[in-house]
Amino acid sequence: MLKRWNEDAFRANLSGRPDLRINRDRYEGRTRLLGKIRTKLLLSGERGQPADRGTLNGVSVLDVQLQEGDVWHLLDSPLLENEVQGEVDDVIRTDHAAQHTAQHVISAILQDEFQIKTVSFRTGTEESTLDLDLGDWDETLQSRLEERLRTVIQANLLITATEYTEEEALQLPLRKTPQVTGKIRVVQIGELDYSACGGTHLASTSELELILFTGLEKVRGNIRLAYVAKDRAFRLLTTERRVLTETARAVSAKKIRSILLWKT
Ligand SMILES: [Zn+2]
């Protein structure tokens with residue numbers, strides 16, 4: 001069976017009867033649930049993306065971790081039932097998918113058009129980062145990258161995930177040699193990017209809506225770029241706009257007070 005999140009990363013309210021064993025041992029005061037549901041329901045955070053959130057039988061899943069081949073769920077309260085139905089928090093999954101899709105797009109443009117390689121990346125809960133094999137960054141480069149990102153978002157490139165045999169996958173222009181053998185899941189973004197990847201992604205580049213760069217620093221001789229995409233980017237704009245408006249108001253109030261003082 002295909003992984004559910006492979007088929008459709010955005011289907012809300014995944015439900016069913018996962019093949020689970022419930023281990024009623026206590027784990028830090030909470031029930032731990034041991035089961036093979038990695039392939040069917042919640043995605044643990046082992047693929048460079050934060051773990052899913054959701055519920056199992058209505059109980060909140062606080063964390064999902066892969067340990068020695070088993071997926072552990074830290075639950076808000078113990079589960080008493082032997083059958084489990086789960087729901088994925090679709091808002092959080094979409095948000096993680098957006099940040100991760102942005103990483104694919106930024107890395108592809110940087111590598112293909114500016115010959116800058118991505119050394120590593122991290123999807124964070126606030127902002128995400130890319131470490132680039134580059135000593136210096138300048139504003140011209142940033143403007144050109146931002147312009148290209150706008151073009152790619154507007155182009156509405158289709159994003160698909162397809163499983164190939166190893167032989168088939170190696171015929172594709174993959175960005176990196178796959179780390180896995182056997183069936184290989186290849187994520188394709190139009191003709192921009194072919195990557196072997198097990199993460200969650202948006203369905204098209206237009207769903208990214210907006211990517212904003214939020215930080216730049218030198219880390220171990222590389223350039224680390226921080227960014228936010230989609231809703232996170234709009235929330236950031238709203239916050240910054242509010243701060244600017246409040247600052248402008250405070251400055252003009254101060255000016256008026258100065259004028260009044262000067263007149264008296
Ligand atoms: Zn990916």
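## Strands, a helix and one residue

Q: Let's start with strand S9 (residues 128-132): which side chains point to one face and are buried, and which point to the other?
A: In this predicted model, Ser128, Leu130 and Leu132 of S9 point to one face and are buried, while Thr129 and Asp131 point to the other face and are not buried. In a regular strand the side chains alternate between the two faces of the sheet.

Q: And how does S9 connect to S8?
A: A hairpin joins S8 to S9 through five residues. Strand S8, which covers residues 118-122, runs antiparallel to S9, and four bridges join the two. Within this pair, Phe121 stands opposite Leu130 of S9.

Q: How many bridges join S9 to S14?
A: Five bridges join S9 to S14, and these two strands also run antiparallel. In that pairing Asp131 stands opposite Arg224 of S14.

Q: Sticking with S14, where does Ile223 lie, and is Ile223 buried, exposed or partly exposed?
A: Ile223 lies in strand S14, which takes in residues 222-229. Ile223 counts as partly exposed because 19 other C-beta atoms lie within 10 Å, whereas a residue is called buried if 20 or more do.

Q: What is Ile223 in contact with, leaving aside its neighbours within four places in sequence?
A: With those neighbours set aside, Ile223 is in contact with Leu132, Leu134, Trp137, Leu216 and Lys218. One of these, Leu132, is also among the buried residues of S9.

Q: How far apart are Ile223 and Val119?
A: In sequence, Ile223 and Val119 are 104 residues apart, and in space they are 9.7 Å apart, taken from C-alpha to C-alpha.

Q: Changing topic to helix H2: why does its end-to-end distance agree with what it should span?
A: Helix H2 has 25 residues, from 90 to 114, and at 1.5 Å a residue it should span 36 Å; because its end C-alpha atoms are 35 Å apart, the two values agree. The 1.5 Å is multiplied by one less than the number of residues.

Q: What follows H2?
A: H2 is followed by Gln115, whose phi is positive, near 55°.

Q: At what angle do H2 and H3 pack?
A: H2 and helix H3, which is made of residues 139-154, pack at an angle of about 120°, and their axes are 10 Å apart. The two helices are therefore oblique to each other, and H2 passes H3 in a right-handed crossing.

Q: Which residues meet there?
A: On the H2 side they are Val105, Ile106, Ile109, Leu110, Glu113 and Phe114, and these meet Leu141, Leu145, Arg148, Leu149 and Val152 of H3.

Q: Now the open sheet: in what order do its three strands come?
A: The order is S10-S11-S12, with antiparallel pairing. Strand S10 (159-164) and strand S12 (193-196) are the edge strands, each pairing on one side only, and the twist averages 25° from one strand to the next.

Q: Where does H2 touch that sheet?
A: H2 packs on the sheet and touches S10, S11 and S12, and its direction makes about 70° with that of S11.

Q: How many bridges join S11 to S12?
A: Strand S11, residues 184-189, is joined to S12 by four bridges, and Val186 stands opposite Ala196 in S12.

Q: Last one, how many helices and strands are there in the protein chain?
A: The protein chain has five helices and 14 strands. Of its 264 residues, 28% are buried.

How values were computed
Residues numbered from 1 in each chain as written. Predicted model: local features only at pLDDT ≥ 70, side-chain atom pairs only at ≥ 80, totals over all residues. Pairing = 2+ DSSP bridges. Axes fitted to C-alpha atoms, helices over the stretch in contact; angles between N-to-C directions. Contact = placed C-beta atoms within 7 Å. Buried ≥ 20, exposed ≤ 12 C-beta atoms within 10 Å, placed from the backbone. Parallel < 35°, antiparallel > 145°, perpendicular 65-115°, else oblique. Left-handed = near helix turned anticlockwise from the far one by under 90°.
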